[in-house]
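Colleague: I'm still getting used to reading structures. Could you pick a single part of this one and walk me through it slowly?

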Amino acid sequence: MATYGFIGVGNMGGALARAVCRTAEPGGVFLANRTPAKAKALAAELGCRVSDNRAITENADFIFLGVKPQMMEGLLTQIGPILAKRKTRFVLVTMAAGLTIAKIQQMAGGTYPVIRIMPNTPCSIGEGMTLYTCGAEVDEEDEKTFLSDMAGAGKFMALPERLIDAGSAVSGCGPAYVDLFLEALADGGVACGLSRTAAMELAAQMVIGSALLQQKGGKHPSVLKDAVCSPGGTTIQGVRVLEQGGFRAAAMGAVIAAYEKTLALNK
Ligand SMILES: NC(=O)c1ccc[n+]([C@@H]2O[C@H](COP(=O)([O-])OP(=O)(O)OC[C@H]3O[C@@H](n4cnc5c(N)ncnc54)[C@H](OP(=O)(O)O)[C@@H]3O)[C@@H](O)[C@H]2O)c1
C-alpha cells in the first residue's frame with residue numbers, strides 16, 4: 001500500500017487527509033503541521049499518524065504540500081536537500097493556487113514527479129471536484145494509485161496544465177460564491193418570516209437538487225429555468241429582479257476576477 005504524508009493540514013490539506021483516510025488505510029497516512037497541535041488533533045480523529053516535515057519527506061510515497069502558495073518556496077527550500085537524498089520513488093502533490101509544476105520543481109531543486117491538483121472544500125465530505133495535471137515524470141502507476149486512494153474526495157477531472165487556473169476559478173473558488181448565494185437566499189426567507197434554520201435547509205437542499213437535476217438530466221440551465229417560470233407567474237418576477245441586479249454578469253465577473261488574480265500570483 002502507498003503511504004501518504006501531509007505537510008500542512010489546514011483547511012485544504014486537512015480536507016484531503018480526511019479523504020485519503022476514507023479510502024486508504026489510515027495507518028499509512030502521516031500528518032505534519034507548523035502548529036503541531038493541529039496535526040495531533042486531526043490524526044486522533046482520523047486514526048492516522050502524527051509526523052514531521054523531515055520524516056514525511058524522507059519516507060512518504062506521496063508528499064502533499066498543503067501550505068499557502070507564498071509559503072511554498074520556504075518549505076521547498078527546507079525539504080529540497082532531503083528529497084535530493086531519497087533513494088525510493090516519491091511523488092510531490094501540490095494544491096497551491098497559481099504555482100506551475102515547473103515552478104514547484106525549480107523551488108524543490110529537481111525534476112521530481114509532481115501531481116498538481118486543484119481541490120475544493122467539499123472534498124472534506126467526499127463531494128469535492130478536484131482538477132489535476134500530472135507532470136511528465138509521473139508514471140501511469142503513480143496516477144492510478146493516486147486516483148484510486150483519493151476516490152474518497154469526490155470527482156476528479158484531468159485538465160491540461162494551462163487550463164487549471166481557469167478551472168480553479170470555477171470549482172476551487174466556487175464554494176465561496178455558492179455560500180454567499182445560500183446566505184442571501186436564507187436572508188430573503190427570514191425577511192419573509194421563515195426561521196433561519198428552515199430557510200437554510202430550504203436553500204441548501206434546493207441548490208443541491210437543482211445542480212443534480214442539471215447534471216443528471218443534462219438539460220441546459222436555461223431550459224430548466226424556463227420550466228419553473230410560468231407565464232405571468234411568481235418566479236419570473238424573481239428572475240427579473242436578479243437580472244436587474246446584474247446577477248449573471250456578477251457571477252461571470254467573479255470567475256474572471258479570480259482567474260486574473262491567480263495569473264497575477266504566478267508572475
Ligand atoms: N481553502 C481552499 O478552498 C483551497 C482550494 C484549493 C486550493 N487551496 C490551496 O491549498 C493550500 C492550503 O490552503 P489552506 O486554505 O488550507 O490554508 P491554511 O488553512 O492556512 O493551511 C495551511 C497550513 O499549513 C501549515 N504550515 C504553514 N507552513 C508550514 C510549514 N513550513 N510546515 C508545515 N506546515 C506548515 C499551517 O500551519 P499553522 O497551523 O501553524 O498555521 C496551516 O495549518 C494553498 O496552497 C491553497 O492555494 C485551498
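Modeller: First, a bit of vocabulary: a residue is buried under 20% relative accessible area, exposed over 50%, and partly exposed in between (1.4 Å probe, protein chains only). This is a predicted model, where local features need pLDDT of at least 70, side-chain atom pairs count only at pLDDT 80 or more, and totals for chains, interfaces and linings use all residues. Residues are numbered from 1 along each chain as its sequence is written, and side-chain values use heavy atoms, with hydrogens and water left out.

Let's look at helix α6, residues 140-149. (Helices are DSSP runs of H or I with at least four residues, strands are E runs of at least two, and both are numbered from the N terminus.) Which residues of α6 are buried? They are Asp142, Phe146 and Asp149. Look down the axis of α6 and these buried residues fall within an arc of 80 degrees, so they line one face of the helix; the arc is that of the directions from the helix axis to the C-beta atoms. Now turn to the other side of α6: Glu140, Glu141 and Lys144 are exposed there.

What covers the buried residues of α6? The cover includes helix α1 (11-23) and the strands β1 (4-7), β4 (62-65), β5 (91-94), β6 (114-118) and β8 (154-158), with contact meaning heavy atoms within 4.5 Å.

Have a peek at the start of α6, too. A side-chain oxygen of Asp139 comes to within 3.1 Å of the backbone nitrogen of Glu141. That's a polar contact: N or O atoms within 3.5 Å, one able to donate a hydrogen and the other to accept it, with sequence neighbours counted only if both atoms are side-chain atoms.

Back to Phe146, which belongs to one aromatic cluster with Tyr4, Phe6, Phe62, Phe64, Tyr132 and Phe156. Rings of Phe, Tyr and Trp (its six-membered ring) pair if their centres lie within 6.5 Å; planes under 30 degrees apart are stacked, over 60 edge-to-face, the rest tilted. The whole structure holds nine aromatic pairs. Take Tyr132 and Phe156: their ring centres are 6.3 Å apart and their planes sit at 65 degrees, so this pair is edge-to-face. Tyr132 is in strand β7 and Phe156 in strand β8, 24 residues apart, which makes this a link between distant parts of the chain. Tyr132 is buried, at 7% relative accessible area, while Phe156 is partly exposed at 22%.
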